[in-house]
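I opened this notebook page to record what surrounds the bound ligand and where empty space is left in the protein. The entries follow the order in which I looked things up.

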Amino acid sequence: KRVAVLISGRGSNMASLIEAAADPAYPAEIALVLANRHDAAGLQRAHAAGIATDVIDHKAFPDRPSFDAALDARLRAERIDLVCLAGFMRLLTPGFVEGWRDRMINIHPSLLPLFPGLHTHRRAIEAGMTLAGCTVHFVRAEMDSGPIIGQAVVPIAPGDSEDSLAARVLSAEHRLYPLALALVADGLARVEGERLVLDAQLP
Ligand code: GRF
């Protein structure tokens, strides 16, 4: 399966996918890394790993539909099978999302459906949670929603700051995302009637 990873920034999750896909036994190939900003640091990491990169700058388009159309055209020109959102900070239009239905996944740094949106770690600490985590899910038009493929849980320690918790969750993200993508690429995780069907033993 040919995978495109969409990023806006650091790209540490992208790097974890590239690393996993370097194994010849991995069921997906990272064919393209696309960013919506020229200054996304992950672009350099992808380039250093020998992955094709491109920037489609959202500011060059008058509205969301035209940006999404350019994104869509690029993905189709590259014969992309699966799209991974990895810290991609643009809301996608329902038309684009529908075009990639069940072929686009996202990682979110909370245990969805708790804490969709931004500042998840601060909100989890403020809510008095003792557990936090991350979620990989199929993308639907509503932000941070869609059938859940997998989640990983980490403890929240007394005295954790937003940053210390973010670091702990990020390590879990880097383990979870390659596993979840492999399940989808192998056809072992799929959607039936908006529920996840999993044909695999969990590790
Ligand atoms: C991650 O926490 C991811 O879950 C969220 O944005 C962050 C991106 O980090 N969607 P990185 O760019 O992958 O390092």
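**Ligand contacts**

I began with the backbone and found that an N or O atom of the Gly11 main chain lies 2.8 Å from an oxygen atom of the ligand. I note that the model is predicted.

I turned next to side chains. Ser12 places a polar side-chain atom 2.5 Å from a ligand oxygen atom. For Glu173, I read a distance of 2.6 Å between an N or O atom of the side chain and an oxygen atom of the ligand.

I then looked up how much of the ligand is covered. On its own the ligand has 370 Å² of accessible area, and the protein covers 85% of this.

**Shell around the ligand**

I listed the residues that surround the ligand: Arg10, Gly11, Ser12, Asn13, Gly87, Ile107, His108, Pro109 and Glu173. By class, I recorded 5 polar, 2 nonpolar and 2 charged residues in this shell.

I asked in which pocket the ligand sits. The ligand occupies the largest pocket. Two elements, α1 (12–21) and β5 (104–108), each give two or more residues to the shell around the ligand.

**The largest pocket**

I looked up the volume of the largest pocket and noted about 1,000 Å³ of space. Its lining consists of 37 residues, and those nearest the centre are Gly87, Met89, Ile107, Pro109 and Leu118. The elements that give two or more residues to this lining are α1, β5, α5 (120–126) and α6 (162–185).

Which element gives the largest share of the lining of the largest pocket? I found that α6 does, with 5 residues. The lining of the largest pocket divides into 16 nonpolar, 13 polar and 8 charged residues.

I compared two lists at this point. Gly87, Ile107 and Pro109 are among the residues that surround the ligand, and they are also among those that lie nearest the centre of the largest pocket.

**The cavity**

Finally, I checked for enclosed space. I found 1 cavity of 30 Å³ or more in the structure. About 70 Å³ of space lies in the largest cavity. Of the 13 residues that line it, Ser110, Phe115, Ala124, Ala132 and Gly133 are the closest to its centre.

I also recorded which elements contribute: α5 and β6 (131–138) each supply at least two residues of the lining of the largest cavity. That lining holds 9 nonpolar and 4 polar residues, with no charged residues.

Definitions and conventions
Residues are numbered from 1 along each chain as its sequence is written. This is a predicted model: local features need pLDDT of at least 70, side-chain atom pairs count only at pLDDT 80 or more; totals for chains, interfaces and linings use all residues. Side-chain values use heavy atoms; hydrogens and water are left out. A residue is near a molecule or strand if one of its heavy atoms lies within 4 Å of it. A polar contact is a pair of N or O atoms within 3.5 Å; within protein, one must be able to donate a hydrogen and the other to accept it, and residues adjacent in sequence count only if both atoms are side-chain atoms. Accessible areas come from the Shrake-Rupley method with a 1.4 Å probe; for residues, only the protein chains shown count as cover. On a 1 Å grid over the protein atoms alone, a cavity is a set of points where a 1.4 Å probe fits but cannot get out, and a pocket is an open set with protein on both sides within 12 Å along at least five of seven lines; lining residues have an atom within 4 Å of a point. A molecule sits in a cavity or pocket if more than half of its atoms lie within 2 Å of its grid points. Helices (H or I, at least four residues) and strands (E, at least two) are DSSP runs, numbered from the N terminus. Ala, Val, Leu, Ile, Met, Phe, Trp, Tyr, Cys and Pro count as nonpolar, Asp, Glu, Lys and Arg as charged, and the others, Gly among them, as polar. Grid points are joined across faces, edges and corners, and a volume is the space filled by probe spheres set on the points.
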